[in-house]
Amino acid sequence: MQFVDTHCHIHFPDYELDPEEVMQAAAVDGVTRLLCVGCTLSDSKLAIEFAKRHDNIWATIGLHPHESSVYVHDDLALQQFRELAGKPKVVAIGETGLDYHYMHSSKADQEKLLRFQLDVAAEHKLPLIFHIREAFEDFWRIFDQYDCPRGVVHSFSSHRHDLDEIISRGLYVGLNGIITFTNSQEQLEAAKGIPLERLLLETDAPFLTPVPFRGTICQPKHVRVTAEFLSHLRGEPLKQLAAATTRNAQALLGI
């Protein structure tokens with residue numbers, strides 16, 4: 001069985017483990033392909049360089065909604081970001097979106113930065129990695145003004161209504177370690193209802209370490225732990241789940 005970690009940050013300079021050892025450990029558990037996701041201009045550049053050095057790693061470039069107030073007023077940075085989209089091994093834009101939980105940036109600035117990245121994705125015909133927290137209503141208002149962007153709602157942790165909205169627009173749904181420790185029955189029921197052909201696995205490493213490894217640094221190898229949990233939750237053979245999610249990563253991201 002092979003698994004794909006479609007969202008990790010092991011290229012971050014402050015990742016506390018040795019990325020090379022982490023990759024080896026992942027391979028032992030069948031996690032053979034990784035997507036390093038950018039959140040700022042600088043770590044998007046790092047993701048590209050990291051991916052270039054490894055055959056089984058790809059990169060995204062993204063400006064996280066938390067960073068919106070920094071970037072929407074920096075034309076030079078936005079131009080540099082746009083130029084990264086054509087670099088080798090860049091397979092998606094994001095993570096981008098709206099986050100109304102922490103509100104590190106205003107709603108207006110978050111919307112401007114999301115629209116900018118939707119435009120870059122359209123220009124380069126790339127899918128998007130969406131981060132949406134407590135902001136689906138505004139997100140759909142923006143999303144629906146564009147011509148059917150492809151992408152994944154990363155770190156899904158909502159209920160069936162939001163899931164139905166996601167699926168109706170042809171997007172994929174990314175699940176990570178949150179699903180192993182949530183207390184929300186609504187969230188568990190929604191995870192059971194994700195069509196297998198729309199499901200992606202991820203870790204968000206170094207964050208959101210799954211049970212039973214809470215309290216340790218999350219690693220790409222933990223994709224398998226989440227997959228095993230979902231196999232039991234959804235009543236699907238692990239081999240079937242692995243094959244389908246790997247196909248989905250290939251279909252959306254080309255990896």
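Which residues does F130 touch, not counting residues up to four places away in sequence? Keep that in mind while I set the scene. This is a predicted model.

Here is the answer. F130 touches T96, L114, L118, F139 and F143. F130 also touches G151, V152, V153, H154 and L171. Again, that leaves out residues up to four places away in sequence.

Now the core. In soluble globular proteins, nonpolar side chains tend to be buried together. Here, the largest nonpolar core has 73 residues. I10, I93 and F130 have the most contacts inside it. Which helix gives the most to this core? Helix α5, residues 107–124, with six residues. There is also a second, separate core. That one has 14 residues, including V4, V152, L253 and I255.

On to the sheet. Strands of a sheet pair through backbone hydrogen bonds, either parallel or antiparallel. In this model, eight strands form an open sheet, and the pairing is parallel. The order is β1-β2-β3-β4-β5-β6-β7-β8. Where are the edges? The edge strands are β1 (3–8) and β8 (199–201), and each pairs on one side only. From one strand to the next, the twist averages 30°.

Let's zoom in on one pair. Strand β5 covers residues 128–133, and strand β6 covers residues 151–153. Three bridges join these parallel strands. Opposite L128 stands G151 in β6.

Last, back to helix α5. This helix packs on the sheet, touching β4 (90–99) and β5. The direction of α5 makes about 160° with that of β4.

Terms used. Residues are numbered from 1 along each chain as its sequence is written. This is a predicted model: local features need pLDDT of at least 70, side-chain atom pairs count only at pLDDT 80 or more; totals for chains, interfaces and linings use all residues. Side-chain values use heavy atoms; hydrogens and water are left out. A nonpolar core is a set of buried Ala, Val, Leu, Ile, Met, Phe, Trp, Tyr and Cys residues joined through side-chain atoms within 4.5 Å. Buried means under 20% relative accessible area, exposed over 50%, partly exposed in between (1.4 Å probe, protein chains only). Helices (H or I, at least four residues) and strands (E, at least two) are DSSP runs, numbered from the N terminus. Contact means heavy atoms within 4.5 Å. Two strands pair if DSSP finds at least two bridges between them. Axes are lines fitted to C-alpha atoms, for helices over the stretch in contact, and angles run from 0 to 180 degrees between N-to-C directions.
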